[in-house]
Amino acid sequence: MSNVLEVRDLGINFGGLRAVDGLNIDVAPRQLYGLIGPNGAGKTTVFNMLTGVYEPSDGTIRLNGELLNGKKPHEIARMGISRTFQNIRLFRNLSVKENVLISLDTQVDYGLFSGIFKLPKSFKQEKAMEEEALELLKVFELDGYADTLACNLPYGKQRELEIVRALGTHPKLLLLDEPAAGMNPQETQNLMDAIQRLREKFAISVLLIEHDMKLVMGICEKITVINYGTLLACGTPQEIQNDPQVIKAYLGE
Amino acid sequence: MSGANLFFLQLINGLNIGSIYALIALGYTMVYGIAKLINFAHGDIIMVGAYISLLCLNAGLPWYLACILSILVCSLFGIVMEKLAYKPLRKASRISLLITAIGVSYLLENSFQLIFSANPKPYPGFIDLPTLKIGAVSISANYYVTFIVSVALMIILNLFVQKTNMGKAMRAVSEDEGAARLMGINVDNTISLTFAIGSALAAIAGILYSNCYSPINPTMGSLPGIKAFIAAVLGGIGSIPGAVLGAFILGMIETMVKAYISSQLLDSIVFAILILMLALKPAGILGKSVKEKV
């Protein structure tokens with residue numbers, strides 16, 4: 001058996017602060033995995049290390065066996081880790097379709113000069129990319145908004161567009177940072193269905209940070225709880241819910 | 001010359017200087033949009049472009065080869081300038097970048113003075129087309145060629161930025177560099193490309209400018225550079241249509257002031273416009289006002 005993501009003894013220091021320490025995470029193919037913990041536990045810091053925004057101080061990160069330490073964010077994105085953000089970071093003044101086309105285009109790897117010379121892309125290629133973008137937008141029924149500017153989408157749709165844009169890089173592992181933040185219960189339910197649907201459709205693993213326990217317990221097959229940057233518990237939703245350590249961290253003594 | 005003809009002539013002059021400013025202002029605005037840097041050395045690239053083309057012409061190369069070589073050298077120069085001077089400072093404060101840019105500008109002007117001496121050099125104009133006569137006003141080939149070439153380049157640039165994938169990547173980086181990286185965009189390449197395009201446009205501006213206003217000298221780029229910067233601010237720095245609009249407005253104001261008010265007060269009036277603009281509408285005519293994130 002081989003895991004999609006293997007994190008071993010991951011740690012990072014910010015000056016004198018040990019923000020994450022000795023963390024291990026194993027995400028299996030097509031697994032829905034939850035990363036939870038109180039505010040400030042270091043969840044987003046873990047995402048930032050997985051995507052190359054921060055360089056880990058120690059430990060290793062492997063994607064399908066390949067070492068990611070020291071790789072640049074755009075290289076990691078092309079290798080197959082894609083993400084969304086806690087606070088939405090769409091390209092606001094680009095259209096919905098253009099937001100997706102940008103991440104689709106990174107599949108075509110060209111250097112600066114070959115990029116300039118290959119500019120007149122064949123009409124056919126262009127057409128195929130547009131079709132794929134529309135196809136991806138259909139996952140969230142966003143295809144009707146293709147030519148709308150991203151900043152004019154309603155809030156919930158913007159969150160969905162971020163997921164579609166992340167899918168454009170053809171990821172093997174999708175990182176969702178609080179995907180349900182600010183959503184109402186109905187929207188959260190739709191999101192849960194959608195996450196399960198796209199796991200099947202694209203055969204990807206999903207690692208998500210979320211505070212909405214109904215969502216986490218409802219769809220995650222495995223959960224890791226961290227507190228102060230260290231592992232508190234790891235297991236199935238059932239095990240986590242009954243773990244005295246976890247209950248203590250969330251509810252106090 | 002009748003009043004109407006004089007006015008018409010000034011209109012032509014305004015369009016001519018406006019198109020030169022526009023080509024330079026595009027470089028300022030694109031680099032600002034992507035790297036959030038005001039590249040004060042940008043004006044000196046037009047000087048580099050002028051000198052490279054002069055060297056080629058003096059060496060007996062045909063004009064089109066001189067132009068191509070000058071554009072290529074300047075693009076390369078823009079890329080190298082960014083890699084050596086600005087890239088190491090990408091995480092530094094804006095003021096460090098600004099001071100570095102002024103330093104690069106002085107470095108360029110002074111090293112060209114060392115190499116070519118400070119004496120003006122005559123530029124052999126090569127635009128050899130008939131003069132256009134409209135009524136009693138004759139328009140020299142330099143003027144209409146400058147205008148046509150500039151407008152064509154602006155249209156091409158706009159198509160590039162709006163339609164191509166590289167253009168989309170440029171817009172994405174300008175909106176959110178971090179998110180662009182995480183979507184797989186090679187931000188370093190995108191910034192290099194921006195500097196290359198800006199410098200290529202500056203080289204063309206330098207060649208057209210030298211054809212209209214021979215002789216050339218190593219500080220020839222500084223005043224047009226600053227004027228183009230004012231044009232970019234006037235139109236809204238970071239905005240491509242804004243830079244073009246600002247440049248043509250500035251060109252018109254300049255020639256009209258020269259013709260009807262005073263050529264001595266010209267620069268004071270232009271700089272007063274910059275101050276007024278910054279005081280009243282700092283985001284420029286087409287610029288978006290930046291809202292502080294709360």
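The questions below concern the fold of chain A and one helix pair in this predicted model.

Q: Why are α3(A) and α6(A) called roughly parallel to each other?
A: The axes of helix α3 (residues 96-105) of chain A and helix α6 (residues 155-167) of chain A cross at roughly 30 degrees. Angles under 35 degrees count as roughly parallel, and α3(A) and α6(A) are therefore described in that way. Their axes come within 7 Å, and α3(A) passes α6(A) in a right-handed crossing.

Q: What makes the contact of α3(A) with α6(A), and which residues take part?
A: Two residues are in contact if their C-beta atoms lie within 7 Å. From α3(A), the participants are V96(A), N99(A), V100(A) and S103(A); from α6(A), they are L161(A), V164(A) and R165(A).

Q: How do the residues of this contact divide into nonpolar, polar and charged?
A: Four are nonpolar, two are polar and one is charged. Val and Leu count as nonpolar and Arg as charged.

Q: How do you know whether the radius of gyration of chain A agrees with that of a compact globule?
A: For 253 residues, a compact globule would have a radius of gyration near 18 Å. The value for chain A is 19 Å, which agrees. The C-alpha trace spans about 65 × 40 × 35 Å along its principal axes.

Q: What makes a residue of chain A count as buried, and what percentage do so?
A: A residue is buried if 20 or more other C-beta atoms lie within 10 Å of its own. By that criterion, 42% of the 253 residues of chain A are buried.

Q: How many helices and strands has chain A?
A: Chain A contains ten helices and ten strands. Among its contacts between residues at least 6 apart in sequence, 69% join residues at least 24 apart.

Conventions. Residues numbered from 1 in each chain as written. Chains lettered and ligands numbered in written order. Predicted model: local features only at pLDDT ≥ 70, side-chain atom pairs only at ≥ 80, totals over all residues. Axes fitted to C-alpha atoms, helices over the stretch in contact; angles between N-to-C directions. Helix = DSSP H or I, 4+ residues; strand = E, 2+ residues; numbered from the N terminus. Parallel < 35°, antiparallel > 145°, perpendicular 65-115°, else oblique. Left-handed = near helix turned anticlockwise from the far one by under 90°. Rg over C-alpha atoms; globule rule 2.2 N^0.38 Å. Buried ≥ 20, exposed ≤ 12 C-beta atoms within 10 Å, placed from the backbone.
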